[in-house]
Amino acid sequence: MTQVERPSDTYRVAVLASGSGSNFQALLDRFERAAGATVDISLLIASRPGIRAIERAESRNVRAVVLPDELRLPVREARIADEAAFLRSELESAEVDLVVLAGYLRLVPSEVVRTYWGRMINIHPALLPAFGGEGLYGHHVHEAVLESGARVSGVTVHFVDEEYDRGPIIAQWPVPVKRDDDPRSLAARVLEVEHWILPKVVEALAHGWVELGEDGRPRWRRPWFAGERFVLESVGRD
Ligand code: GRF
């Protein structure tokens with residue numbers, strides 16, 4: 001495996017994933033590995049073996065590690081402490097500045113959340129605080145949106161706290177729900193926006209254009225996506 005030389009001011013990012021890893025891929029594509037790059041996608045942590053995200057990491061020479069089997073067993077206090085130790089050791093040895101949960105289906109142990117407070121984000125395929133929380137992941141989110149009759153869904157990127165899908169919201173973008181949508185078609189339209197917005201947020205964090213303020217709210221130093229029209233141009237018209 002070729003290791004890319006990285007200067008110490010590189011902003012290093014770890015991605016945690018449980019499935020396909022298409023958001024991880026969007027980050028790999030936006031931040032190509034090269035000497036002197038500002039952002040380096042340095043590490044993938046997979047919650048289980050055999051997922052596509054691991055192949056994506058390997059094909060870009062990004063270190064990929066899998067949560068060991070014994071840490072995936074039913075929740076016990078000791079197991080959570082071991083899971084936290086595993087995650088912290090991987091994140092610390094990769095010297096990451098930011099942790100991105102991109103389709104990661106496990107609750108990150110509190111200790112790790114506290115260590116990375118303001119430096120850990122999650123992407124969710126709906127407009128939080130609606131349609132989030134335990135059990136609302138993947139197709140379940142889109143099913144709930146369709147069942148509710150909501151005419152608008154969207155994407156949320158937020159800092160991670162100790163609950164599923166809570167935490168201060170950094171960025172959101174709306175996605176229309178069409179009359180003939182099923183969970184799959186809605187997911188595809190939402191995913192298109194995810195692949196655009198996630199790299200934007202990572203870029204903004206890496207440059208210090210946004211950070212978590214002491215009041216627990218994101219503080220922007222630049223206008224939010226001024227002039228961007230991607231979504232309005234590309235989706236939403238029947
Ligand atoms: C995305 O919809 C993400 O918002 C959600 O899980 C899905 C992961 O997709 N948390 P992928 O693994 O990045 O393709």
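In this predicted model, helix H1, spanning residues 22-30, is mostly covered, with seven of its nine residues buried. The buried set comprises Ser22, Asn23, Phe24, Gln25, Ala26, Leu27 and Leu28. These buried residues of H1 have a varied set of packing partners: strands E1 (11-17), E2 (39-46), E4 (98-101) and E5 (120-124), together with helices H2 and H6 (183-206).

Two of those partners, E1 and E2, also pair with each other, running parallel over seven bridges. Within this pairing, valine 15 stands opposite leucine 44 of E2. On its way from E1 to E2 the chain passes through H1, and the resulting β-α-β crossover is right-handed. E2 is itself mostly covered, as eight of its eight residues are buried.

A further parallel pairing links E2 to E3, here through four bridges. Leucine 43 has arginine 63 in E3 as its bridge partner. Together with H2, the strands E2 and E3 form another β-α-β unit, again right-handed.

It is worth pausing at the loop that joins helix H2 (52-59) to strand E3 (63-66), where arginine 60 is found. With a relative accessibility of 25%, arginine 60 counts as partly exposed, because the buried class is reserved for values under 20%. Beyond its neighbours within four places in sequence, arginine 60 is in contact with Gln25, Leu28, Asp29, Glu32 and Arg33. Of these contacts, Gln25 and Leu28 are among the buried residues of H1. Glutamate 32 lies 28 residues from arginine 60 in sequence, while their C-alpha atoms are 9.0 Å apart in space.

Technical notes
Residues are numbered from 1 along each chain as its sequence is written. This is a predicted model: local features need pLDDT of at least 70, side-chain atom pairs count only at pLDDT 80 or more; totals for chains, interfaces and linings use all residues. Side-chain values use heavy atoms; hydrogens and water are left out. Helices (H or I, at least four residues) and strands (E, at least two) are DSSP runs, numbered from the N terminus. Buried means under 20% relative accessible area, exposed over 50%, partly exposed in between (1.4 Å probe, protein chains only). Contact means heavy atoms within 4.5 Å. Two strands pair if DSSP finds at least two bridges between them. A crossover is right-handed if, with the strands pointing away from the viewer, the path from the first strand over the helix to the second runs clockwise.
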